[in-house]
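Subject: Structure handover

Hello,

Here is the structure I promised to pass on. Please open it alongside this message.

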Protein chains: 2
Amino acid sequence: MAGRAAVPEVIWSRPERTGRGPRPAYSRADIAAAAVKIADAEGLDAVSMRRVAGELGCGTMSLYNYVPRKEDLYELMMDAVSGEHELWEPSGDWRADMIRVAHQTRELMHRHTWLPRLMSPVYGFSPNALRYLEHCLACLDPFEGPYGTKMELVAMVNGVVTTCVGNEIATAERTRSLPWSEEQENAARIAYLGRQVASGAYPRLAASFAEDAGPIDLEGVFERALTRVLDGFA
Amino acid sequence: MAGRAAVPEVIWSRPERTGRGPRPAYSRADIAAAAVKIADAEGLDAVSMRRVAGELGCGTMSLYNYVPRKEDLYELMMDAVSGEHELWEPSGDWRADMIRVAHQTRELMHRHTWLPRLMSPVYGFSPNALRYLEHCLACLDPFEGPYGTKMELVAMVNGVVTTCVGNEIATAERTRSLPWSEEQENAARIAYLGRQVASGAYPRLAASFAEDAGPIDLEGVFERALTRVLDGFA
DNA sequence: GCGCACTACGTACGCTGTACGTAACTAGGA
DNA sequence: TCCTAGTTACGTACAGCGTACGTAGTGCGC
């Protein structure tokens, strides 16, 4: 009964195909693609084992042959989107390369808005994540310093991107046309906030809101945040 | 039927007590405390409506009189821990004050390890969160620049803290004694990682792991990250 | 060709959030 | 003072979740 492992394993240490028994009908890539498609279209909460199985066209429990636990499905999804990173020959200018990496990650997160929510140090060791990390380190070859510092730099850049995109997505959803219920909720939230600020209990917050009514330059915020972090390492 | 609002509201815009009907048996503070207690002891996933109601000693559905949706329970939790922030008279040195704020937030997150997972721009407008934000802005009074930049600074500091503590908690859980199953899972994960790195496909990653086998100085990583971000604004 | 390891999948269990109905209670208006 | 509307309290019920388990059917390695 190797199929139902008593000992928890990492999905990547299991071979995708063992050679015995019928050919698996789906590949891990198929499954990841189905899950990602659902998450992109309907949000991460819509990704259930039943739903993914339905998308693939197989029974719910058949999915458990490929994916022992739901957490492993997330792992597959994270790996799949990690694979969307375009890798290039490092230019020799680590700063420029890291900026390019950061922009690419940002675009990735905008394409898959569920990504920031799933971002966690746990998922950092899938094959495509390792390739991505190796690429970052290659870009940092010209960077003078120990690998420990390079790792910190990569982590910080990823952190900044995650934080910024998290904010960007939140404000985007606040602006976008929403189902009535969510629309109303946002309205209620903003109305409440306005009332609080107007109450005079938070003078600086009030001043901050009064300061500039122009649209927020999210692109600029991201660029500045990134620059500042890289400056900190230079 | 105001009790069952058809229009979604922010919980903070509802008065805790209306005056009509029987006295509520519990305060929002009671409920938040119960939920936080459970989350601290057994993790965020253990926080269910039934469980919190049980902790309070009331029926499950009674809880819905106080908390219309589970999301509002999270909002209560976030507000409660925001209230744990100790506020002080700004020193006049915004850098020192922000470092102090960051350290306090970090300690808060270590006390409540579920906090990074719940951290989201959505929960930034509860009463205690507003007090905290106002306090940060007060600390930044000596900072020369528009409020927009101050807000960015606060967001960046919070982002850094969240990112770092997320890593800290992950490595802590990797070290801590765990239930056998999770222990085995970590072992499997590390074994797999070791095999991959040893395969030679990721030379820089291998070099990074070989570089220093000493224990990671998480405190130092946090300190450096914070310093770099603040440097970026100075 | 035999047997075993694998795929496929239906059923079932315990858990979740929560809609809804009902009974008890209490403060405000007549 | 009593009436009644708005509240609290909570049991029942439902749809959905992750997944343990049992049972067929299939095809590779010996």
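Below is what turned up, starting with the contact between the chains and moving on to salt bridges.

Please keep in mind that this is a predicted model.

The interface
Chain A and chain B each put 57 residues into the contact. Together they bury about 5200 Å², 63% of it on carbon and sulfur atoms. On the chain B side, B:R189, B:R204 and B:R228 lose the most area to chain A, together 15% of what that side buries.

The rule finds 18 residue pairs in polar contact across this interface. Several helices of chain B supply at least two residues each to the side that touches chain A, among them α4 (70-82) and α9 (180-198). The largest share, 13 residues, comes from α8(B). That side of chain B divides into 30 nonpolar, 12 polar and 15 charged residues.

Salt bridges
The count over all chains is 30. Across the interface there are 10. One of them pairs B:D141 with A:R204, with the closest N and O atoms 2.8 Å apart. A:R228 and B:E152 also meet in a salt bridge, at 3.4 Å from N to O. A:R228 lies in helix α11 of chain A and B:E152 in helix α8 of chain B, so this pair joins two chains. Both residues are buried.

Within chain A, A:R117 bridges to A:D45 at 3.1 Å. A:R117 lies in helix α6 and A:D45 in the loop between α1 and α2, so the pair ties together parts 72 residues apart in sequence. A:R117 is exposed at 58% relative accessible area, and A:D45 is exposed at 64%. Also in chain A, A:K37, A:E42, A:R51 and A:E55 are linked in a network of salt bridges.

Best wishes

Terms used
Residues numbered from 1 in each chain as written. Chains lettered and ligands numbered in written order. Predicted model: local features only at pLDDT ≥ 70, side-chain atom pairs only at ≥ 80, totals over all residues. Heavy atoms only, no water. Contact = heavy atoms within 4.5 Å. Buried area = accessible area lost by both parts, 1.4 Å probe. Salt bridge = Lys/Arg side-chain N within 4 Å of Asp/Glu carboxyl O. Polar contact = N/O pair within 3.5 Å; in protein donor to acceptor, adjacent residues only side chain to side chain. Helix = DSSP H or I, 4+ residues; strand = E, 2+ residues; numbered from the N terminus. Nonpolar A, V, L, I, M, F, W, Y, C, P; charged D, E, K, R; others polar. Buried < 20%, exposed > 50% of the residue type's maximum accessible area, 1.4 Å probe, protein only.
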